[in-house]
Every structure is written in structure tokens, then in C-alpha cells.
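I am opening this notebook to record what I looked up, going from the whole chain to single residues.

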Amino acid sequence: MKSRFDYLEEMSIDTEWLRRAQKVVQTSSPGKNTLSNIQNEASECNKCILASTRDNIVFGSGNPNSKLMIIGEAPGKDEDLIGEPFVGRAGKLLDEILFSMGITRDNVYITNTVKCRPPENRNPSHEEIESCSDYLNQQIKSINPTVIILLGKIAANRILGTEETMSDLRQKVFTHKLTKIPTIVFYHPAYLLRSPSQKKNMWDDIKFTLEFIKKNDCKIN
Ligand code: SF4
């Protein structure tokens, strides 16, 4: 049977980051084991209709001691197949965004608003995100990052409880209601792949974020 590494390598994706991230999870301190407990609970979950169509739960991956947590919208086809968030082209672009911030996947924890793939890659519904919110909130509390980055309008609107457009959400610092952690919104990498002309704006957003991090001594790596 093929491993997730085999699938990733067949897609010409460097798996070194994933191997390192898994090692970090396996050797993390006992105080962070709650993340494994949350994942075990989610792996059996059938709280919403997405349970009936998933191949794998895509719980999240990365450093459980991370100071930076990244939250996207929902797993896609490749992620569902492998059980890891942000693989494929959008994942590669996310790696480039992180690299331009001076960090790698080893430095961050990445997850989505819902842990199961919506059929045909449709947007997750409000109800599905609400059903899954307890897992996400527990992840945020367990990791306790100094900064959260939300990828795209769907994640931003649901988590921040707004209906604002991306142009209103960019280059602002919000507060995550439950934890009071500073929260910034980026374009979703999949959107940037469809709209490459927006990449210049992405660079402006990265500069804004790095300035905020420096000014507030947030130390993301
Ligand atoms: S999306 Fe979340 S709430 Fe819905 S079945 Fe998957 S883990 Fe459960």
C-alpha cells in the first residue's frame, strides 16, 4: 500500500518538510499531547455531512509549538487523498509565501476551517464550519500561537464573524474572539493561482504582516 509520502513524491512535492514536521509532533512535549487527542476524536467524527464523502480527515500538520498558525478554508482533492493540508500547487505557493517571510513549514502549524473535503471542492457551508469549529478552537488553544493568518474570504468571514470583502480584510489586524490572538487575513493561495495579477498585493500584505510582527515582537520562528 502506498504511503502519503509516495503520493506526494509522485506529484514532485518535496516531502522533507512533512517528515520533519511529523518528527516534531512525535517528540513534542507532553503538555502538547492534547493535539493528538483532538485529532483522535476528529478521526471518528461524523458531526456533519462531509463525513460521508471524505477519504481522509485532514486534521492539520506542522509544529505544535508554532508561534504562527495558518488556517485555510477546506481540504481539496489531493489533501483528501493524502490526509495533509495544502499539498499540490496551492501548497507550493504557500511554501513560497512562507519562504518570503523567512520561515518554512517547520515553523508553522497549518489547518483548515473544516477537516473533511467538501464534494467537488465547493465552499464549506456555514453549518459545516460551525460543526467543525470545536476542533479548530481546541487546536488554536493547544498551539497558542502569537499570530494567526487566515487564508481567504471564507475562512476570514466565518472565523472573524464578518461579511467584509477581501479588500476590506487585507492589511488589518483583527482579534480572534475566543483567544484574543492577533489575526491577519491573506489571499488564499488557490485564488492567487487563478489571479496571478494579485501576487503584487500579496507581497504588500506580507510586508504589512512582517512589520506588525517586528513592531510587536511576536517572534514567529
Ligand atoms: S468536517 Fe469536521 S465536523 Fe464535519 S465530519 Fe469532518 S471533522 Fe466532523
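Before counting anything I fixed one term: a residue is buried when its relative accessible area is under 20%. With that cut-off, I found that buried residues make up 50% of the 221 residues in the protein. I keep in mind throughout that this is a predicted model.

**Entry 1, the whole protein.** I listed the secondary structure and noted 10 helices and 6 strands. I then looked up the contacts between residues with a separation of 6 or more, and 72% of these join residues 24 or more positions apart. For the accessible surface I wrote down about 10900 Å², with 49% of that area belonging to carbon and sulfur atoms.

**Entry 2, the ligand.** Where does the ligand sit? The space that the ligand takes is the largest cavity. I went through the residues around the ligand, among them C45, K47, C48, V114, C116, S131, C132 and Y135, and sorted the shell by character, which gave 8 nonpolar, 1 polar and 3 charged residues.

**Entry 3, C48.** From that shell I picked C48, which I located in the loop between α3 (34-43) and β1 (61-62). Which residues does C48 contact, leaving aside its neighbours within four places in sequence? I found E128 and S131, and S131 is itself listed around the ligand. I also looked up C48 against V114, another residue around the ligand; the two are 66 residues apart along the chain, and their C-alpha atoms are separated by 10.0 Å.

**Entry 4, helix α7.** I turned next to α7, residues 153-160, and asked how many of its 8 residues are buried. The count is 6, and the helix is therefore mostly covered, given that buried means under 20% relative accessible area. The buried residues are I154, A155, A156, N157, I159 and L160. Looking for what covers them, I noted several elements, including the helices α6 (126-143) and α8 (166-169) and the strands β2 (68-72), β4 (147-151), β5 (174-175) and β6 (182-186). Just after α7 comes G161, whose phi is positive, near 70°.

**Entry 5, R170.** My last stop was R170, in the loop between α8 and β5. Is R170 buried or exposed? Its relative accessible area is 16%, so R170 counts as buried. Leaving aside the neighbours within four places in sequence, I found R170 in contact with V185, Y187, N201, D204 and D205.

Notes. Residues are numbered from 1 along each chain as its sequence is written. This is a predicted model: local features need pLDDT of at least 70, side-chain atom pairs count only at pLDDT 80 or more; totals for chains, interfaces and linings use all residues. Side-chain values use heavy atoms; hydrogens and water are left out. Helices (H or I, at least four residues) and strands (E, at least two) are DSSP runs, numbered from the N terminus. Buried means under 20% relative accessible area, exposed over 50%, partly exposed in between (1.4 Å probe, protein chains only). Contact means heavy atoms within 4.5 Å. Accessible areas come from the Shrake-Rupley method with a 1.4 Å probe; for residues, only the protein chains shown count as cover. A residue is near a molecule or strand if one of its heavy atoms lies within 4 Å of it. On a 1 Å grid over the protein atoms alone, a cavity is a set of points where a 1.4 Å probe fits but cannot get out, and a pocket is an open set with protein on both sides within 12 Å along at least five of seven lines; lining residues have an atom within 4 Å of a point. A molecule sits in a cavity or pocket if more than half of its atoms lie within 2 Å of its grid points. Ala, Val, Leu, Ile, Met, Phe, Trp, Tyr, Cys and Pro count as nonpolar, Asp, Glu, Lys and Arg as charged, and the others, Gly among them, as polar.
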